[in-house]
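Biologist: I'd like to go through this one with you, a few questions at a time. Can you put it on screen first?

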Amino acid sequence: MIFRQLFDPQSSTYTYLLADPASREALLIDPVFEQARRDAALIDELGLKLTWTLDTHVHADHVTGAWLLRDKLRSRIAVSKAGGAEGADRYLLSEEKIPFGKRHVDTLATPGHTSGCMTYVLDDQSMAFTGDALLIRGCGRTDFQEGDAHTLFRSVRERIFSLPERCLVYPGHDYRGLSVTSVGEEKLFNPRLAESIGEEDFVGYMTHLGLAHPKQMEAAVPANLKCGKPLHQTAQDPDWAPLTYTFAGIWEVQPHWLEEHLHEVRIVDVREPAEFNGPLGHVPGASLIPLGSLKDRIAELEKTAPLVVVCRSGARSAQATVLLGKAGFDKVANLSGGMLRWRAQRYAVDGGTE
Ligand SMILES: N[C@@H](CCC(=O)N[C@@H](CS)C(=O)NCC(=O)O)C(=O)O
Ligand SMILES: [Fe+2]
């Protein structure tokens, strides 16, 4: 199986990508609104087809990326029926199957942090995605939404702790940077829920947590009750060219587009002079500003005009797009594959040898 654990540093949320290598069908558990573009880039680069996004619950601390991903990738949205969100494509009860290719996850209702909390268990019970029901040596709080400590205690002890001890537990968050645990480990060492601890001890612990409410809660809960549908028009992807966003975080343009729009953009070649005038030649009309002097010569470039950056392979120019982005240029793209791909695709050059 293809598996990736992704992190949103703003809310300390984990997003999980699971895919069947044969059919390339994928699931994404707990996507984050602000990371939808990143997640879509990874799915595209791995050659996957996102079939479902799943949320473990109506989150209080971040907005789900489910709606944005459905819009971008035509994925479908599955959420727990008990969560009360509207706008999903499928409403889940406990012990249902959500397929991805030949694999599936089983749903397991684990209420307590919220009333709609779902744990998703991989078909062979080797992994469980517990959302905020069970965290690493912790658990989700029970003092807002429909939180109830008695209910959470029973969900974890009866439903999650009855999974095989070897089952890896992937939580919805971790605030210390820990990434994974197991059922066996949590049964022994969870300071709130280990098997030696009684229900009333747990309830006492949860009553006195004394945590401030999540900073995003006022906005996040209503948005998540609509599966993450944006209230206002969100920042659009740049549309001055058909750009692709990479998982590495770079906006790229393809050679065939540049060749047809040579006169509509400023082209900056960031190689050294000997390369610019060397055997690969350069894109007609390109200006030479080597990467090492870009910072000092930035005033030569107009901030608002579309700009394509070029180098030999696309690596140094990718770094240049980051530098220019930080300097406030908002219409910058990297020429995908650099001069090597430009030449391989037989586009015209100034200078260079055959
Ligand atoms: N400081 C965080 C708080 C996040 C928070 O309260 N997270 C919930 C999950 S939605 C929780 O259960 N946290 C458990 C804990 O912090 O121990 C924020 O503002 O977002
Ligand atoms: Fe939560």
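Biologist: What spacing do the donors of the iron ion (ligand 2) follow along the chain?

Modeller: Keep in mind that this is a predicted model. The protein donors of the iron ion (ligand 2) are H57 through NE2, H113 through NE2 and D132 through OD, lying 2.0 to 2.3 Å from the ion. Along the chain, their spacing reads H-x55-H-x18-D.

Biologist: How many residues apart are H57 and D132, and which loops hold them?

Modeller: That pair links distant parts of the chain. H57 sits in the loop between strand 4 (49–54) and helix 2 (66–73), and D132 in the loop between strand 10 (127–131) and helix 3 (149–160). The distance along the chain is 75 residues.

Biologist: Is D132 buried or exposed?

Modeller: The cut-off for buried is under 20% relative accessible area. D132 has 6%, so it falls under that limit. H57 also has a value of 6%. The word for D132 is buried.

Biologist: Which geometry is assigned to the site of the iron ion (ligand 2), tetrahedral or irregular?

Modeller: Four donors count as tetrahedral if all angles lie between 85 and 135 degrees. Here the angles among the 4 donor atoms run from 89 to 160°. The upper end breaks the tetrahedral limit, so the site is listed as irregular.

Biologist: On to the rings. How are the planes of F3 and Y16 arranged, stacked or edge-to-face?

Modeller: The count comes to 12 aromatic pairs, by the rule used here. In the pair of F3 and Y16, the centres are 6.1 Å apart, with 5° between the planes. Planes under 30 degrees apart count as stacked, so the arrangement of F3 and Y16 is stacked.

Biologist: Why does the pair of F3 and Y16 tie together separate parts of the sequence?

Modeller: Both residues are buried. F3 lies in strand 1 (residues 2–8) and Y16 in strand 2 (residues 13–19), so the pair ties together parts that are 13 residues apart in sequence.

Biologist: And what is the pair of Y16 and Y170, stacked or edge-to-face?

Modeller: Both Y16 and Y170 are buried. Their ring centres are 5.4 Å apart and the planes stand at 65°, so the pair is edge-to-face.

Biologist: Which residues do ring pairs link into a cluster?

Modeller: Y16 and Y170 are 154 residues apart, with Y16 in strand 2 and Y170 in strand 11 (residues 168–171). Both belong to the cluster. Its members are F3, F7, Y14, Y16, F129 and Y170.

Biologist: Which ring does R76 lie over?

Modeller: R76 is 4.4 Å from the ring centre in question. R90 lies over the face of that ring too, at 5.9 Å from its centre. The ring belongs to W52.

Biologist: Which are the edge strands of the open sheet of 6 strands?

Modeller: The order is 13-14-18-17-15-16, with mixed pairing. An edge strand pairs on one side only, and that picks out strand 13 (244–245) and strand 16 (287–288).

Biologist: Which residue in strand 17 stands opposite V268?

Modeller: Strand 15 (residues 266–269) and strand 17 (residues 307–310) run parallel and are joined by 4 bridges. Opposite V268 stands V309.

Biologist: Last one: where is F276 placed, and what is its relative accessible area?

Modeller: F276 is in helix 8 (residues 273–276). Its contacts beyond four places in sequence include D269, R271 and L288. F276 is buried, and its relative accessible area is 10%.

Technical notes: Residues numbered from 1 in each chain as written. Chains lettered and ligands numbered in written order. Predicted model: local features only at pLDDT ≥ 70, side-chain atom pairs only at ≥ 80, totals over all residues. Heavy atoms only, no water. Helix = DSSP H or I, 4+ residues; strand = E, 2+ residues; numbered from the N terminus. Buried < 20%, exposed > 50% of the residue type's maximum accessible area, 1.4 Å probe, protein only. Contact = heavy atoms within 4.5 Å. Donors = N, O, S within 2.8 Å, 3.2 Å for Na, K, Ca; no water. Tetrahedral: all angles 85-135°; square planar, octahedral: opposite > 155°, others 65-115°. Phe/Tyr/Trp six-rings, centres within 6.5 Å; stacked < 30°, edge-to-face > 60°. Lys NZ or Arg CZ within 6 Å of the ring centre and 35° of its normal. Pairing = 2+ DSSP bridges.
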